[in-house]
Amino acid sequence: MLDSIKILQDFPILATKPRGKSLIYLDSAATSQKPRQVIEAITQYYQQHNANVHRGVHALSDISTTEWEAARQEIASFFGARPSELIITRNTTEAINGVVYGWAESALQAGDIIVTTILEHHANFVPWQQLVKRKGLELKVVEIDEYGRLKQDQLLEWVADPRCKLLALTHVSNTLGTLVPLETLIPAVREANDHIKIMVDGAQSAPHMPIHFASLDADFFACSGHKLLGPMGVGVLLVRESLLADNSMKPWLFGGGMISEVTLEETTFHPDAADRFTAGTPDVASVVGLAAACRYLRVLGMQNVFEHDQELVQYALDKLVTVPEVQLLGPTQPINSEQKLDRIGSASFIYQGVHAHDVAQALDSQGVAVRSGHHCTMPLHVTHGWTATLRASFHVYSTKTDIDALIAGLSYVRQVFSTGTSNG
Amino acid sequence: MDDLLQAHILEQSRSPQKFGALPTPTVSATQNNVSCGDVLTADLMISEDGVLTDLGWSGDGCTITRAAMSVLSGSVCGMKIEDILSLGQKDVEQWLGLTEISPGRRRCLLLGLMVVQAGIRQHLAKK
């Protein structure tokens, strides 16, 4: 159980009034807010520890290097991975592109098949689509059922094809909130195809549930620091150690810091993966900030964070279903009475008769911040005939009171668009 | 901060000017809003001497998109197409009675102007 009152005090931005009204922030799936512990860690780094890493022998460079290495250790440990399996990127998108350029460009050949899903964010779709065009591969997109759940039979049939070399799929849909059951799906995929590689987009799962990379049995796992209470500009790519050891996963950025020896004719690369994949000066302060976020979440306990999220998701669905104009999207009921609801982080919906941007605008005038649009899932939207949808998303600082404010805000939407009058 | 849901904006959106396709346009153009997928199509009638003589539009969008397209449609007929190409955000804001659109709604405000200007550029490229 999270202590909401104590947590709220850690997030200074939640006391601000950007529209002159108390901020009800329900857009955490786009980016989370940052606790003062993270803000202070970044400030402290720049005020007391700033120097380039692995570059000098002076005291400050040593302090900075120690901070960097400790932060990498903390982040890797948070995800149940070894520090040697952690590649720091700018965000999930860069992490996935890293798999494209570092692994897939050389590992996949014309005629190979990539299986992905209609749930994917553009970040885990466009890079593969473009690779397929460049290299003459085939891309297969797994469909969903009416509740936003993957058609697992279709997925397993497609990955069983020996030409299928990669399954690239999300852990949690950023649009529908669907939790893909990787703990059962990945073993089934491995059973169907023993040479397939599996790339998991964890951008929307990592902020809300425990992730243990070693147990997950994925080859690649990507997520963004800024969605899990960390700063913008730092992301995580976890790579199975064997792929780094046998050089299947190669560096895709070249320059200083990542080399072992450079001559006029040739370059050999750093033997340690942590260095081999860190070309140029890294954003040390942001990595220190992300480590502080991981510490913050570790103290709260990721199982508690998960349970808090589940309580809010269920509460939001229960409240939204009472609004006559609302059409809920994604899973709203467990698959059966023995299972829990397979939905994380958000409640998404269409407000019948009013464009999503207009609903979001009217909610904003009441201080309620939600996301409207296609959420970077245009194929999903077009396939289902949705122009734009709405999403209320949560994090550790979100409360049931926030959801009550959303529901009250939807009454205001009805007032504006049925009578044509607003009161700002 | 402007109130984007003022009564006159809602009214323009509900009863827009020049809504509906033209039967035999000189040129048609379609543009989409990358933030939400809204799509507008504009049919333009352009005279030999480069004047926009009529305009009809179709498609769906949010209140701001529809209201902006409506006031734009009511303002540009009779203008020289070169002059329409030089219109910008400030002009649409003025027609809609706004001081300055918020960054998040800029694309909604400008989708109509973009589609009309795209049609004019297509027309000029064909000549």
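Trainee: How many residue pairs are in polar contact between chain A and chain B, taking both at pLDDT 80 or more?

Mentor: There are seven such pairs between chain A and chain B, with both residues at pLDDT 80 or more, and since this is a predicted model, that count rests on predicted coordinates.

Trainee: And how many salt bridges are there between chain A and chain B?

Mentor: The count is one salt bridge between chain A and chain B, formed by B:R105 and A:D358, whose closest N and O atoms are 3.5 Å apart.

Trainee: Which helices of chain A supply at least two residues each to the side that touches chain B?

Mentor: Helix 13 (356–365) and helix 15 (400–419) of chain A each supply at least two residues to that side, and the residues of chain A that touch chain B divide into five nonpolar, twelve polar and two charged.

Trainee: What area is buried between chain A and chain B?

Mentor: About 1,400 Å² is buried between chain A and chain B, with carbon and sulfur atoms giving 52% of that area; in terms of residues, 19 of chain A are in contact with 20 of chain B.

Trainee: What are the ipTM and pTM scores of the model?

Mentor: The model scores ipTM 0.87 and pTM 0.94, and for chain B the mean pLDDT is 94, with 98% of its residues reaching 70 or more.

Trainee: Changing topic, how many salt bridges does the structure hold over all chains?

Mentor: Over all chains the structure holds 23 salt bridges. One of them joins A:R36 to A:D10, with the closest N and O atoms 3.0 Å apart, and this pair links distant parts of the chain, A:R36 being in helix 2 (residues 36–49) and A:D10 in the loop between helix 1 (4–9) and strand 1 (24–25) of chain A, 26 residues apart.

Trainee: Is A:D10 buried or exposed?

Mentor: A:D10 is buried, with a relative accessible area of 6%, whereas its partner A:R36 counts as partly exposed at 35% relative accessibility.

Trainee: Which residue forms a salt bridge with A:D112?

Mentor: That is A:K165, and the closest N and O atoms of the pair are 2.8 Å apart. The two residues come from distant parts of the chain, 53 residues apart, with A:D112 in the loop between helix 4 (92–107) and strand 3 (113–117) of chain A and A:K165 in strand 5 (residues 164–170). A:D112 is buried, with a relative accessible area of 8%, while A:K165 counts as partly exposed at 25% relative accessibility.

Trainee: What about A:R90, where does its side chain go?

Mentor: The side chain of A:R90 meets that of A:E94 in a salt bridge, at 2.7 Å from N to O, and A:R90 is exposed, with a relative accessible area of 51%.

Trainee: Which residues are linked in a network of salt bridges?

Mentor: The network links A:R190, A:D217, A:D219 and A:R240.

Trainee: Now backbone angles: what is phi for A:N247?

Mentor: Phi of A:N247 is positive, at about 65°, although this residue is not a glycine. Most residues other than glycine have a negative phi. A:N247 is found in the loop between helix 9 (241–245) and strand 9 (259–262) of chain A, and it is partly exposed, with a relative accessible area of 36%.

Trainee: And what about B:K18, what is its phi?

Mentor: B:K18 is a residue other than glycine with a positive phi, near 60°, and it is found in the loop between helix 1 (7–14) and strand 1 (27–32) of chain B. B:K18 is partly exposed, with a relative accessible area of 36%.

Trainee: Last topic, where is A:S64, and is it buried or exposed?

Mentor: A:S64 is in helix 3 (residues 59–78) of chain A, and at 0% relative accessibility it counts as buried. A polar atom of the A:S64 side chain lies 2.8 Å from the backbone oxygen of A:A51.

Trainee: Which residues does A:S64 touch, not counting those up to four places away in sequence?

Mentor: With those left out, A:S64 touches A:Y45, A:H49, A:A51, A:V53 and A:V284, so A:A51, whose backbone oxygen was just mentioned, is among the residues that surround this buried serine, buried here meaning under 20% relative accessible area.

Terms used
Residues are numbered from 1 along each chain as its sequence is written. Chains are lettered from A and ligands numbered from 1 in the order in which they are written. Side-chain values use heavy atoms; hydrogens and water are left out. Contact means heavy atoms within 4.5 Å. Buried area is the accessible area (1.4 Å probe) that two parts lose on being put together, summed over both. A salt bridge is a side-chain nitrogen of Lys or Arg within 4 Å of a carboxyl oxygen of Asp or Glu. A polar contact is a pair of N or O atoms within 3.5 Å; within protein, one must be able to donate a hydrogen and the other to accept it, and residues adjacent in sequence count only if both atoms are side-chain atoms. Helices (H or I, at least four residues) and strands (E, at least two) are DSSP runs, numbered from the N terminus. Ala, Val, Leu, Ile, Met, Phe, Trp, Tyr, Cys and Pro count as nonpolar, Asp, Glu, Lys and Arg as charged, and the others, Gly among them, as polar. pLDDT is the predictor's confidence in each residue, from 0 to 100. Buried means under 20% relative accessible area, exposed over 50%, partly exposed in between (1.4 Å probe, protein chains only).
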